[in-house]
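Reader: I'm new to reading protein models and I'd like to zoom in on one single residue. Could you walk me through a spot of your choice and how it sits in the whole thing?

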Amino acid sequence: MGPFSNVGVIFALGAAVLHVVVFYLESFAWTSDGALKAFNMTKEEAENTQEMAFNQGFYNLFLAIEVFVGVFLMVTRNPAGKALVIFAVCSMAFAAILLYVTSPDKRSAAIKQAIFPLMALCNLIL
């Protein structure tokens, strides 16, 4: 791996770790004070969306797993690894862009969600 790939892998891993944290918050701690604050919700809103959040959390986990598997494959010099990481971070970035476009009140979260995947993507395709 070249220097840009190494930096890209670090950003991709950062994105994956963030998605694991979000998985935990959405799937297991959705009605906790920390999740309420992180997602700017009331207890009632969280209770009404708990099933949806549980499912959505697993989507985040699966994206993180794609990155972890892809990085493992890259380290073992399997050419499929880079493609898998790029696919995963593209999915993460497009989800953040969709959030930014469709939910103006969540633009700050969308920007935070997009930074690591976009930086990973820029460095991996150089």
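Author: Let's take Asn 123 and then step back to the chain around it. Keep in mind that this is a predicted model.

So, where does Asn 123 sit? Asn 123 belongs to helix α6, which covers residues 107-124. Is it buried or exposed? The relative accessible area of Asn 123 is 10%, and the cut-off for buried is under 20%, so Asn 123 counts as buried. Its side chain has a partner, too: it reaches the backbone oxygen of Met 119 at a distance of 2.8 Å.

Now zoom out. Helix α6 belongs to a chain with six helices and zero strands, and reading along the sequence you get the pattern α-α-α-α-α-α. Asn 123 has some buried company, as 37% of the 126 residues of the chain count as buried.

What about the overall form? For 126 residues, a compact globule would have a radius of gyration near 14 Å, and the chain has 15 Å, which agrees. Along its principal axes, the C-alpha trace spans about 50 × 25 × 20 Å. If you look at contacts with a separation of 6 or more, 62% of them join residues 24 or more positions apart.

Finally, the outside: the chain exposes about 7500 Å², with carbon and sulfur atoms supplying 69% of that area. As for charge, there are 7 positive and 8 negative side chains, and the centres of the two sets lie 15 Å apart.

Key:
Residues are numbered from 1 along each chain as its sequence is written. This is a predicted model: local features need pLDDT of at least 70, side-chain atom pairs count only at pLDDT 80 or more; totals for chains, interfaces and linings use all residues. Side-chain values use heavy atoms; hydrogens and water are left out. Helices (H or I, at least four residues) and strands (E, at least two) are DSSP runs, numbered from the N terminus. The radius of gyration is taken over C-alpha atoms; the globule rule is 2.2 Å times the number of residues to the power 0.38. Buried means under 20% relative accessible area, exposed over 50%, partly exposed in between (1.4 Å probe, protein chains only). Contact means heavy atoms within 4.5 Å. Accessible areas come from the Shrake-Rupley method with a 1.4 Å probe; for residues, only the protein chains shown count as cover. Lys and Arg count as positive and Asp and Glu as negative; His and the chain ends are not counted. The place of a charge is taken as NZ of Lys, CZ of Arg, CG of Asp or CD of Glu. A polar contact is a pair of N or O atoms within 3.5 Å; within protein, one must be able to donate a hydrogen and the other to accept it, and residues adjacent in sequence count only if both atoms are side-chain atoms.
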